[in-house]
Amino acid sequence: QVQLVESGGGLVQAGGSLRLSCAASGGLLNNYNIAWFRQAPGKEREFVGAINSNGISTQFADSMKGRSTISRDSAKNTVYLHMNSLKPEDTAVYYCAAASRGSTKYGTWGQGTQVTVSA
């Protein structure tokens, strides 16, 4: 069973950038689709973006299109979420999650990493 650990969160000013990491163990990421979600206080969890098990195909929520990319380093078994032009409304706990290849059921989750964007 794959396990995920997020890192890279922190405090950043509006307009800044962050790179979040999702490191996997217990399984190879080329067997999984990896998605990023976020949850702000008092709000429901929402989809941010995802990368296919092929490590190439990505998709993003409308709110993140044009200012985010997702990449995978197979040698490090790690997926990255790069976010640019950050806004205060991007403040949330960010989670990565894994679904088996061919599935969209994200059953394995990391513990989350806090991103805070100051105005």
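A residue counts as buried under 20% relative accessible area, as exposed over 50%, and as partly exposed in between. The legends below apply these terms to a predicted model.

**Figure 1. Overall view of the predicted chain, which has zero helices and 11 strands.** From the N terminus on, the elements run β-β-β-β-β-β-β-β-β-β-β. The C-alpha atoms of the chain fill a box of roughly 40 × 25 × 25 Å along the principal axes. A compact globule of 119 residues would have a radius of gyration near 14 Å, and the value of 13 Å for the chain agrees with this. Of the 119 residues, 44% count as buried. Among contacts between residues at least 6 apart in sequence, 55% join residues at least 24 apart.

**Figure 2. Close-up of strand 9 (residues 92-100) and its pairing with strand 4 (residues 32-39).** Seven of the nine residues of strand 9 are buried, so this strand is largely enclosed by the rest of the structure. Strand 4 and strand 9 pair in the antiparallel sense, and eight bridges join them. Within this pairing, N33 has A99 of strand 9 as its bridge partner.

**Figure 3. Close-up of strand 9 with strand 10 (residues 108-109) and strand 11 (residues 113-118).** The pairing of strand 9 with strand 11 is antiparallel and extends over three bridges. Here V93 stands opposite Q114 of strand 11. Strand 9 also pairs with strand 10 in the antiparallel sense, over two bridges. In that pairing, A98 stands opposite T108 of strand 10.

**Figure 4. Close-up of the largest pocket, which holds about 150 Å³ of space.** The residues that line the pocket are N33, F47, A50, I51, N52, S57, T58, Q59, S103, T104 and Y106. Strand 5 (46-51) and strand 6 (58-60) are the elements that give two or more residues to this lining. Strand 5 gives the most, with three residues. By residue class, the lining of the largest pocket comprises four nonpolar residues, seven polar residues and no charged residues. N33, one of the lining residues, is also the bridge partner of A99 in strand 9.

**Figure 5. Close-up of N77 in the loop between strand 7 (68-73) and strand 8 (78-83).** Most residues other than glycine have a negative phi. The phi of N77, by contrast, is positive, with a value near 55°, although N77 is not a glycine. N77 has a relative accessible area of 12%. Residue N77 is therefore buried, since its value lies under 20%.

**Figure 6. Close-up of S85 in the loop between strand 8 and strand 9.** S85 is likewise a residue other than glycine with a positive phi, here about 50°. The relative accessible area of S85 is 42%. S85 is partly exposed because this value lies between the cut-offs of 20% and 50%. The loop that holds S85 leads to strand 9, the strand in which seven of the nine residues are buried.

Note on methods. Residues are numbered from 1 along each chain as its sequence is written. This is a predicted model: local features need pLDDT of at least 70, side-chain atom pairs count only at pLDDT 80 or more; totals for chains, interfaces and linings use all residues. Side-chain values use heavy atoms; hydrogens and water are left out. Buried means under 20% relative accessible area, exposed over 50%, partly exposed in between (1.4 Å probe, protein chains only). Helices (H or I, at least four residues) and strands (E, at least two) are DSSP runs, numbered from the N terminus. Two strands pair if DSSP finds at least two bridges between them. On a 1 Å grid over the protein atoms alone, a cavity is a set of points where a 1.4 Å probe fits but cannot get out, and a pocket is an open set with protein on both sides within 12 Å along at least five of seven lines; lining residues have an atom within 4 Å of a point. Grid points are joined across faces, edges and corners, and a volume is the space filled by probe spheres set on the points. Ala, Val, Leu, Ile, Met, Phe, Trp, Tyr, Cys and Pro count as nonpolar, Asp, Glu, Lys and Arg as charged, and the others, Gly among them, as polar. The radius of gyration is taken over C-alpha atoms; the globule rule is 2.2 Å times the number of residues to the power 0.38. Contact means heavy atoms within 4.5 Å.
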